[in-house]
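Welcome! Here is a short guided tour of a protein model, written for someone meeting structures like this early on. Have a look at the picture first, then read on.

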Amino acid sequence: MSKNLWWKILLIVVPLGLSVAAIYPPKDKIALGLDLRGGAHILMQIDTGSAIAYSTDLAQTRVGQALKDAKIAYAAVTSPAPGTLKIEGVDPARSADVRQVLEVPVGEWSLSGSGGNFTLEMPLSVQQAQERLAIESTLDTLRTRVDGLGVREAVVQPSGQDRVLVLLPGVEDPDRVKGILQDPAVLEWKKVVYPQGVADFRNWRPPATREDLLALFGGALPPGVRAFPETRVVSGGTVTEWWPLGESVVIGKDITNAQRQSGQWGGNSVGFQLSKDAGRRFEAATREYMGKHMAILLGSAREESKRVVSAPTINGIINDRGEITGSFTLEQAEDLALKLRSGAIPADVRIIEERTVGPSLGRDSIRKGVLSGVIGFLAVMVFMLVYYRLSGLNAVIALALNVPLLLGAMAYFGASLSLPGIAGLILTLGMAVDANVLIFERIREELRLGKTVRQAVDLGFSRAFMTIIDCHITTLVSAFFLFSYGTGPVKGFAVSLSIGIVVSMFTAVFVSRVIYRIVLGEGRPVEALSI
C-alpha cells in the first residue's frame, strides 16, 4: 500500500480509537437524559407581583435603619400595601433631613407628605425593573440550589416570560427537591414589641392565640406591628405562641453564607453570616435589645407565609454572625443551610407541571431503544448484502463504525443521550446507508457505460459527492432550527441528529472509499466488482 493510503487508514483508526476510549465503560462515560436515567421534570411559575412585596419589606428595613443612623426619631415605618411605605411621627422640624436621608435607601421612590408624616411610592418603572430582576435572581438561586444538591446533568432554564423549567435526572427524592426549590427561604430578624406593663422582658412568653395577643394591646396591635405564630415541640406534643413583631433588622439578601452546625446542646442548628451593612444594623439592634427577645422568621414575601422559627433572648452584642436553633433533623438543617446559602428567592414560585420518571422505566426505554437499533441494523445489513453483494459488506462496515464514532462525539462534547436522541441515532444510520446507495448506484451506472472497475469506483464517489452533500446539509439546517427553537427532548433529537449527519458523511464517503482502495489494491488489474 502507498504512503497516502496509510495516512487515510490512520485518519480512520485514530478517531475510532479515541471514540472507544471516550465511551468505555459506557455506564460511566455516556450521560443519560431524564427519560432514560429517571428523575423529575418540574415547570415552575414565578409570581412577579410578590417581588414587589419583597422589595418593599427590604426598603422598610433600610428606611428605618437610615432614620436611626441619622438620629431622626419616628413613631413607625409601615407598609400598607406592596410598593408603598408610610413614615409616621417624625418631628416636623426635621422634614428636610428626612428627605435627604431617604436619598440613599429609596432614592428612586417618589416621596410626598408634610409635617411629621410621609408616604413613599415605588414608581411603575422601578416595579417593572424589580420584576425583571426577580426573575433573573430566581433563576440564579434555583441553579445554585440544584448545584448544591449534587444532581448531575441538571437543567435550570427559562421557559417563557415568567416560568422556569427544571430537569433533574437521577434524583431519588423528588419531594425533598421540590421543597428546596419552592421555599423562598426569606429569613428575617424582627424586634419583639412588648405590651405595656411587662417588667421581665427576658422571661415573657406570648399568648397561645391571636385574640389573646390583641387583648394585651387593648384590642388592636400598634401601627407597624404584626402577629406571627411559633410552633414549638414540648414534652407531650406541640405548643403555638403568637409573637407581636415590629420592624425587621435583617432580611433575605443580607445573608452571605450559611452552614449546618452542632448546637450548644448537641442538636442540629444553622449558623449564618451577614453582609457588612447588615452586620452593622444587627449590632445596633442587639445592643438596643439586650435582655429582650428578637424573633427569627422564615417564609416568603407574603406575610401569611411567614412563621417564627425561634425567638431567642439577646444575651450579647452580635455583629455579623448568628445561629438558628430549633428541632432540626440533620437533613432539615442541611436543607435550610443550602437555601439560606444560595440566597432567598425574591418572589413566590409554584409548581404548575410535574412529571417523575422512575429508573425502571428508564431502563426499559434503554432496552427497547437498543433492541430497535439492533433490529434495524440487522435488517439494513441483510438488505445491503443481498442487493449489493460484497460491496454491501463495505457499507455494513462503514455503518458499524457510525455507532462508536457518534457516541464518542456525544461523550466528548458532554451531550446527554435521551430517548429522542436514540431515535436521532437510528435515523442517521438510515441516512448513512442512503449515501452508500447513491454511491453504489453511480458505480453500477459507470460499469454499464463500459468503464473499468477503478474508473467506475472513482467516478461513482466523485459524482455522487455533491448530491450527498446537498442532502446532508439540508438535514443539518433542519436540525439547527430544531435545536435553536426546541426544548428538552427536541433538542436531544437535534443534537444526536447533527452529530450523526457529520459522522455518516465521514463513513459513507471517506471510509467506504478507503475500503474499496484496500480491497482493489494498487497497480494490479481488476476484472470485476461484486456489486
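Helices here are DSSP runs of H or I with at least four residues, and they are numbered from the N terminus. With that in hand, we can place residues by helix number. Please keep in mind that this is a predicted model. The tour covers salt bridges, aromatic rings, helices, a surface patch, backbone angles and two pairs of residues far apart in sequence.

**Salt bridges**

- How many salt bridges does a search of the whole structure find? The search turns up 28 of them.
- Start in helix 10, which covers residues 276-288 and holds both Arg280 and Asp277. These two are three residues apart, about one turn of the helix.
- An α-helix has 3.6 residues a turn, so residues three or four places apart point the same way.
- The side chains of Arg280 and Asp277 form a salt bridge, at 2.8 Å from N to O.
- Arg280 counts as partly exposed because its relative accessibility is 38%, between the limits of 20% and 50%. Asp277 is partly exposed too, with a relative accessible area of 35%.
- Another salt bridge joins the side chains of Arg355 and Glu353, with N and O 2.5 Å apart. Arg355 is partly exposed at 43% relative accessibility, and Glu353 is partly exposed at 29%.
- Some bridges share partners: Asp69, Asp254, Asp277, Arg280 and Arg281 are joined in this way into one network.
- Are the partners Lys190 and Glu188 buried or exposed? Lys190 counts as buried because its relative accessibility is 10%, under the 20% limit. Glu188 is also buried, at 2% relative accessibility.
- In the salt bridge between Lys190 and Glu188, the closest N and O atoms are 3.6 Å apart.

**Aromatic rings**

- There are twelve aromatic pairs in the structure.
- One of them is formed by Trp204 and Trp243, which meet edge-to-face, with 6.0 Å from centre to centre and 75° between the planes.
- This pair links distant parts of the chain, since the two residues are 39 residues apart. Trp204 sits in the loop between strand 8 (186-192) and helix 9 (210-216), while Trp243 is in strand 10 (residues 237-251).
- Both Trp204 and Trp243 are buried.
- Elsewhere, ring pairs connect Phe383, Tyr387, Tyr388, Phe440, Phe461 and Tyr516 into a cluster.

**Helix 15 and what follows it**

- Helix 15 runs through residues 489-520, 32 residues in total. From its first C-alpha to its last, helix 15 reaches 45 Å, close to the 46 Å expected at 1.5 Å a residue.
- Where does helix 15 bend? The bend is at Thr507, and its angle is about 30°.
- Just after helix 15 comes Gly521, with a positive phi of about 75°.

**A nonpolar surface patch**

- Ile473, Val477, Phe480, Phe481 and Tyr485 make a nonpolar patch of about 560 Å² on the surface.
- Phe480, one of these residues, belongs to helix 14 (residues 453-485).
- Why does Phe480 count as exposed? Its relative accessibility is 52%, and exposed means over 50%.

**Positive phi at residues that are not glycine**

- Lys71 is not a glycine, yet has a positive phi of about 60°. You can find Lys71 in the loop between helix 4 (48-69) and strand 2 (76-81), and Lys71 is exposed, with a relative accessible area of 70%.
- Arg389, also not a glycine, has a positive phi of about 55°. Its place is in helix 12 (residues 359-413).

**Distances along the chain and in space**

- Val357 and Arg37 are 320 residues apart in sequence, while their C-alpha atoms are 8.1 Å apart in space.
- Val357 lies in strand 16 (residues 348-357) and is buried, with a relative accessible area of 18%.
- Pro80 and Gly408 are 328 residues apart along the chain, and 61 Å separates their C-alpha atoms.
- Pro80 is part of strand 2 and is exposed, with a relative accessible area of 52%.

Note on methods. Residues numbered from 1 in each chain as written. Predicted model: local features only at pLDDT ≥ 70, side-chain atom pairs only at ≥ 80, totals over all residues. Heavy atoms only, no water. Expected span 1.5 Å × (residues − 1). Bend = angle between axes of the 7 residues up to and from the residue. Patch = residues over 30% accessible without salt bridge, like charges linked within 9 Å, V, L, I, M, F, W, Y side chains within 5 Å. Areas by Shrake-Rupley, 256 points an atom, 1.4 Å probe, with all protein chains shown as cover. Salt bridge = Lys/Arg side-chain N within 4 Å of Asp/Glu carboxyl O. Buried < 20%, exposed > 50% of the residue type's maximum accessible area, 1.4 Å probe, protein only. Phe/Tyr/Trp six-rings, centres within 6.5 Å; stacked < 30°, edge-to-face > 60°.
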